[in-house]
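Trainee: Hey, could you walk me through this one? I'd like to go piece by piece.

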Amino acid sequence: MTEGRNTRRSLGSGPVVSRRAALALAMAAGLVLPGLAQAQVKSVTIALTADAVILDPHAANELTGNIMFYHFYDALVTRTPELEFKPGLAESWQIVDDTTWVFKLRRGVKFHNGDELKASDVVYTIERLKKSLMASFVANVASARAIDDYTVEFKTPKPFAVLHMALAEVLIVNEKHTKAIGDEQMGLKPMGTGPYKLAQWIKEDRIEMEAFADYWRGKPKIDRVIFKPITNPATRTAALLTGGVDVIQDLSVRDVAGVQANPNFKVVTRPSLLNLVIALDTRDKSPTIDLPKNPMQDRRVREAIVRAINVDAIRTAIMNNFSTPSDQYVPASHLGYVPGLDFRKIYPFDLEKARSLMKEAGYENGFTMTLDTTNNRYVNDAAIAQGLAGMLSRINIKLNLNLMPRSNFFGYIRVPSDKSSFIMSGWDTPSGDAGNMYSVLMYSRNKKAGYGQANRGAFSNAEFDALIDQADATADVAKRNAFLQEATKIAVREIPMIPIHYEQDIYAAKNSVTVIPRMDKFIWAYEMDVK
Amino acid sequence: MFGYMIKRLIQMVVVLWAVSVLVFVMMSFTGDPTFMMVPLDATDEQIAQARRILGLDESHLVQYWRFLSNMAQGDFGRSFVFRQPALTLILERLPATLEIVFLAMALALLVAIPLGVYAGANPGKPASRAVMAGSLVGISLPGFWLGMVLIFIVAVKLQWLPSSGRGPTTEWFGLRVSFTSWEGFRHLILPAITLSIGTLAILMRIIRAEMVEVMKQDYIKFARAKGATAKGILFKHGLKNALIPLVTVFGLMLGDLIAFATLTETIFAWPGIGKLLVDSIYRGDRPVIVVYLMFVALMFVVVNFVVDVAYALIDPRIKIK
C-alpha cells in the first residue's frame, strides 16, 4: 500500500512533494524504468464508516458486509449502479410456466480455488440460505433443482414475476468448500466467484483484497483494494486529505465545501434508495391518542398532516440540501413507479388548506399523539422529528417525541405496533420492485401469510390488496408493473404512509480515482479505476 | 500472603458473578437483538428461526443458566453479530489497545514525575505555578477534542504524522504489534499523546501535592543536614515517600485507559477493544458485552492486587495480610 501511494505521488500530484523533489524522482524513474507507470501495481484504499462483522453472505445484511460480499461473490443476476438487472452467473433464463423458471449458467466460471461453478453449487446455496438468518432472501423460492451441470430449475410458491430481481441478492457459494470449512470459518474466509480474493482481514483495521486473475468478466483494473473502517467523520475526511486513503464513504456534510474547494479532490453525490416514511395509524383506536376514535382514520386528517409538513424546509434547514424529497414510495427505477405522479405536487405544503381540512373533519382544535423514531439510525433523524413537531403544531396537533436508539426501536414498533400511532422509519427496496414494500408495509394485516407483517399503521384497503394479489399472480413483468402502478395510485390517494425524502449518499475521492456511486450504496472496486 | 490471595480470589469470583448478573438484567431491558439481525420484512417464522439460530428462543433465566454452565466449561459464549467466540473477539483486539495505553502511561510518567517533583519542591516559583496551571488545562481538555485538534494541526496542516489508523504490524511472540517499525510507531504517537494528557495532568498534581507534604518532614531536614545532594534529597528521600498515592492512582488510571479508551480509539480509527464495546452495545450483542465487562472487572481486581503488592515493596512498614 505504502509503495503504491508513494509512487503515485512522485509521478503525479505535485502539491504533496516539493517540486524539486518531484522532478528529481521523476527523472530517476524515467532513467531507470521508462515503463514504470504501466508496470505499477494499481491499488486503492477506501475508508468506510465501519468494519464488516462477518464475511459469510448468508449470515448478515448490513452495508459494510454487503460491500465486501459483492467483491468476493457473485449472484446469478447482476444489479447495475442504476439498478438495472443484467445476466450475472446465469447467462440467460426463461419462464417455463407460472411457477417454474429455468436459469442457464455461464460455462467456465471459476471459483477462487479453481473449481468450476456448477448447478449443484446454486442448489446448495438456496438450501443453505433457507436455514440461515437471511432466509427472507429466498422466501420466493420453493425449491431449486439441478437439471444438468449448467441448468437450474427454480419453483416459486406462487407466480412471481420478479424472481430474477430477487435472485440478484442471492450470492452463490461453493458447496464443497462451504461444507468442508463449516459455518464459523465461512464468516472469516470468503471464497466465491467474485472479482477479488481476500488477502488479509485485520479486524477494525483493514480488509485487503487482491484481484482474481481468472474472474469471468475479466481481470479487475485495480490489483489491490484496501478497505479501512474509520467511524469518526472528521477523521475520515482527515485521512483523505492527508493521503492515507483515496476514497471515503459518507463525507460529513460540514466538510463538503472544504473538500470541494481543494483542487486535488472531488465530491460525488447521488440520492440513495432509502426512503424515509411515516406510517400513520388507521385503527379505530390509536394507542397514543387519548380520544375515543382515532382521528387519522379520516383521510382528511391524513391529508392535512401531509400538507402541514414542509419537506423543502426539512431539506434546506435540516439536511443542508443533501436529501431528495420523495415523489412516491419507490424511486423511478422501480417497478410500480408511476411516471408523472408526484406526492409533492398533489399535496403541496399548504397550511391554510391543512387547517380547513382539519376543521372539516371536526378536529379544528387538534389532538395529541406520539412520534416514534430513532436517534441514531437515519441522517439527522432526531432533528427531523423535532422539525415535524414544530410543523404539526401549526395545525394544532401536539406531537410528543419518543426517540430511541435503533437497538430498541425495531422491536418497539414491530407489528402489532400496539404502542405506536405515528412511526418514522426508513425503507429501501434494492430488489427494484415496489411489490415487496407494498405487500409488507401496506397489505392488510393477518389476511395472508407473508403479507402485511410490517403494516404498522394497520392500513387496510380491499382494492389495494386485490391489486397486490393480482401482481403476485402473474409471471409477466409488464403486467406486474401495471398492477403495482395502480396500487401506487391508490396509496398516494389514501395516504397510508407519508414519504418524506431519500437520503443523499456523499463520497469524496482523489481526482485520480474514478468512483461510480451505486444506487444501492454497495461500493464496487471492479467498476472503479485509478489513473 | 497466601491467605490474602485466597481472600482476593473469592472477592474476584463474587465481583465477576455480580457483573454477569447486572449485564444480563440490563440487557433484558434493551430490546430483543433478533430484530436487529433479521430484515424488516421478516415473517414470524423467519424471526423464530433466527431466534433458534442465535439461542434466544428460551427465557432469560434459561439463557443465563446456559451462559453460566458453558462458562464453567471454559466457553464464554458467542457473539450474535460476529458469530465468533466473544473472548476471541476481545483478545484479538487487545494488543492494539495495550500498545497505545502503555505508551500513553509511559509518556505520562516520564513527563509527570520530573515536573511534579519540581513543582512540589519549589512551590513558590513562577515556573511551578505555570506547570500547575497547565495541568488544570490538561485535566479539563476533553480527549476527543484534543484528538481532533492534533489530527487537524499535526496531520492535516503540517503533515508530520499520519492522521489515523494503525501502521504496519509485525508478529511478536504471537502478538500483532506496530511499535517495531518506524512507520508503525509514527501511527502510535498522536493517539498515545491524546490518551496520556488527562492522566499526565492528574499524576503530576498528585506528585506535587505529596512532594509539598514530604518536603516539610523532619527527615528531609536531616538529610540536608547530613549533606545529601539536592538530587538525592528530591528523588531518594522525597519522591520515594510520595509514591504510595501515585501508585494507587496509576493502577486505577491504567485499568481505566485499557477498558475505556473508546473515544480515542474511535477518533483515531484505532483497532482496539474500546470500539468493540461501543459497537456491541449499539448492536445489542449481549455475549460480547458480558465478557467484555467481566474482563474489565477481572483486570481491575488484578491491578488492585498488583498495587497492594507494590505498596509493600515501596514501604517496608506496610505488610500484606
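Mentor: Sure, we'll go through a strand, the contact between the chains, the cavities and one residue. Keep in mind that this is a predicted model.

Trainee: Okay, strand 1 of chain A to start. Is it mostly covered or mostly open?

Mentor: Mostly covered. Strand 1 of chain A spans residues 43–48, and 6 of its 6 residues are buried.

Trainee: What about its two faces, covered or bare?

Mentor: Covered, both of them. A:Ser43, A:Thr45 and A:Ala47 sit on one side, A:Val44, A:Ile46 and A:Leu48 sit on the other, and all of these are buried. The every-other-residue pattern is what you'd expect, because side chains in a regular strand alternate between the two faces of the sheet.

Trainee: Which strands does strand 1 of chain A pair with?

Mentor: Take strand 10 of chain A, residues 224–229: it runs parallel to strand 1, and 6 bridges join them. Strand 11 of chain A, residues 247–248, also pairs with strand 1 in the parallel sense, over 2 bridges.

Trainee: And what does A:Ile46 stand opposite in strand 10 of chain A?

Mentor: That's A:Phe227. In strand 11 of chain A, the bridge partner of A:Ile46 is A:Val247.

Trainee: Switching topic: how many residues of each chain are in contact with the other chain?

Mentor: Chain B puts in 48 residues, in contact with 45 residues of chain A. The area buried between the two chains is about 4000 Å², and carbon and sulfur atoms give 55% of that.

Trainee: Which three residues of chain B supply more of its buried area than any other three?

Mentor: B:Leu40, B:Asp41 and B:Tyr282. Together they supply 16% of the area that chain B buries against chain A.

Trainee: What is chain B built from, in helices and strands?

Mentor: Chain B has 13 helices and 2 strands. Its C-alpha atoms fill a box of roughly 85 × 60 × 35 Å along the principal axes. Of its 321 residues, 48% count as buried.

Trainee: Now cavities. How many are there of 30 Å³ or more?

Mentor: The count is 5. The largest has a volume of about 170 Å³.

Trainee: What lines the largest cavity?

Mentor: There are 14 lining residues, and A:Tyr70, A:Thr78, A:Arg79, A:Arg518 and A:Trp524 lie nearest its centre. Strand 2 of chain A, residues 77–79, gives the largest share of that lining, with 3 residues. By type, the lining divides into 8 nonpolar, 1 polar and 5 charged.

Trainee: And the second largest cavity, what's its volume?

Mentor: About 90 Å³. Residues from both chains line it, including A:Phe410, A:Ile413 and A:Arg414 along with B:Phe35, B:Val38, B:Pro39 and B:Leu40. You met B:Leu40 a moment ago, among the three residues supplying 16% of chain B's buried area. This lining has 8 nonpolar residues, 1 polar and 2 charged.

Trainee: Last one: where does B:Ala155 lie?

Mentor: In helix 7 of chain B, which covers residues 143–157.

Trainee: Why does B:Ala155 count as buried?

Mentor: Because its relative accessibility is 1%, and buried means under 20%.

Trainee: What is B:Ala155 in contact with, beyond its sequence neighbours?

Mentor: Leaving aside neighbours within four places in sequence, B:Ala155 is in contact with B:Leu150, B:Leu161, B:Pro162 and B:Ser163, plus A:Thr242 from chain A.

Technical notes:
Residues are numbered from 1 along each chain as its sequence is written. Chains are lettered from A and ligands numbered from 1 in the order in which they are written. This is a predicted model: local features need pLDDT of at least 70, side-chain atom pairs count only at pLDDT 80 or more; totals for chains, interfaces and linings use all residues. Side-chain values use heavy atoms; hydrogens and water are left out. Buried means under 20% relative accessible area, exposed over 50%, partly exposed in between (1.4 Å probe, protein chains only). Helices (H or I, at least four residues) and strands (E, at least two) are DSSP runs, numbered from the N terminus. Two strands pair if DSSP finds at least two bridges between them. On a 1 Å grid over the protein atoms alone, a cavity is a set of points where a 1.4 Å probe fits but cannot get out, and a pocket is an open set with protein on both sides within 12 Å along at least five of seven lines; lining residues have an atom within 4 Å of a point. Grid points are joined across faces, edges and corners, and a volume is the space filled by probe spheres set on the points. Ala, Val, Leu, Ile, Met, Phe, Trp, Tyr, Cys and Pro count as nonpolar, Asp, Glu, Lys and Arg as charged, and the others, Gly among them, as polar. Contact means heavy atoms within 4.5 Å. Buried area is the accessible area (1.4 Å probe) that two parts lose on being put together, summed over both.
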